[in-house]
Amino acid sequence: MPQCTDSLGPAMVLGPDRKLGIIRDTTLQPFKPKREKFIIVLAKPCRELALRVRLYYELRPGQDILLHLLEKKVPVSGLFAAH
């Protein structure tokens, strides 16, 4: 879904009268590769993260159709500076 702004800040706004520009497009187009970037803030250093990615189609609010599920453990112990 395209996310729009009123050009007064990075926050998404609702309502066609306030939308001035698209700040992010999160649509998935058929047969077109898509890469997304997420920032995960950790409260303290850890050795491993357990990630779960769920791709689903929302037919209606509350009616989700699961398309793909990926669960993976990712080592992150070398990413933190020593204190």
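This section describes the secondary structure, strand pairing, surface and selected residues of a predicted model.

The chain has 83 residues, and its secondary structure consists of four strands and zero helices. Read from the N terminus, the order of elements is β-β-β-β. Buried residues account for 7% of the chain. The accessible surface of the chain amounts to about 8100 Å², and carbon and sulfur atoms contribute 59% of this area. Of the contacts between residues at least 6 apart in sequence, 23% connect residues at least 24 apart.

Strand 3 covers residues 48-60 and strand 4 covers residues 63-75. These two strands run antiparallel and are joined by 12 bridges. Together, strand 3 and strand 4 form a hairpin, with two residues between them. Gly 62, located in the turn, adopts a positive phi of about 90°. Two pairs of facing residues can be described in this hairpin. Arg 60 stands opposite Gln 63 of strand 4, and Glu 58 stands opposite Asp 64, likewise of strand 4.

Glu 58 belongs to strand 3. Its relative accessible area is 44%, and Glu 58 is therefore classed as partly exposed. When residues up to four places away in sequence are not counted, Glu 58 touches Gln 63 and Asp 64. Asp 64 is thus both the residue opposite Glu 58 and one of the residues that Glu 58 touches.

Further along the hairpin, Leu 51 is located in strand 3. Leu 51 counts as partly exposed because its relative accessibility is 34%. With neighbours within four places in sequence left aside, Leu 51 is in contact with Ile 40, Leu 70, Glu 71, Lys 72 and Val 74. One of these residues, Val 74, is 23 residues from Leu 51 in sequence, while the C-alpha atoms of the two are 7.3 Å apart in space.

Glu 71, another contact of Leu 51, also takes part in a salt bridge with Arg 52. In general, side chains of opposite charge can pair when their charged atoms come close. In the pair formed by Glu 71 and Arg 52, the closest N and O atoms are 2.8 Å apart. The pair connects distant parts of the chain, with Glu 71 in strand 4 and Arg 52 in strand 3, 19 residues apart. Both Glu 71 and Arg 52 are exposed. A search of the whole structure finds one salt bridge.

A nonpolar patch on the surface is formed by Leu 28, Leu 55, Tyr 57, Leu 59, Ile 65 and Leu 67. The accessible area of these residues together is about 590 Å². Strand 3 and strand 4 are the elements that give two or more residues to the patch. The most is given by strand 3, with three residues.

Two members of the patch illustrate its setting on the hairpin. Tyr 57 is found in strand 3, and Tyr 57 is classed as partly exposed because its relative accessible area is 48%. Leu 67 lies in strand 4. At 56% relative accessibility, Leu 67 lies over the 50% cut-off and therefore counts as exposed. Leaving aside neighbours within four places in sequence, the contacts of Leu 67 are Leu 55, Tyr 56 and Tyr 57. Leu 55 and Tyr 57 are themselves among the residues of the nonpolar patch. Tyr 56 is 11 residues from Leu 67 in sequence, and the C-alpha atoms of the two are 5.0 Å apart in space.

Outside the hairpin, Phe 31 occupies the loop between strand 2 (21-25) and strand 3. Phe 31 has a positive phi of about 60°, although this residue is not a glycine. Gly 62 in the turn between strand 3 and strand 4 also has a positive phi, of about 90°. The relative accessibility of Phe 31 is 90%, and Phe 31 is therefore counted as exposed.

Conventions:
Residues are numbered from 1 along each chain as its sequence is written. This is a predicted model: local features need pLDDT of at least 70, side-chain atom pairs count only at pLDDT 80 or more; totals for chains, interfaces and linings use all residues. Side-chain values use heavy atoms; hydrogens and water are left out. Two strands pair if DSSP finds at least two bridges between them. Buried means under 20% relative accessible area, exposed over 50%, partly exposed in between (1.4 Å probe, protein chains only). Contact means heavy atoms within 4.5 Å. Accessible areas come from the Shrake-Rupley method with a 1.4 Å probe; for residues, only the protein chains shown count as cover. Patches are made of residues with over 30% relative accessible area and no salt bridge: like charges are joined within 9 Å, nonpolar side chains (Val, Leu, Ile, Met, Phe, Trp, Tyr) within 5 Å. A salt bridge is a side-chain nitrogen of Lys or Arg within 4 Å of a carboxyl oxygen of Asp or Glu.
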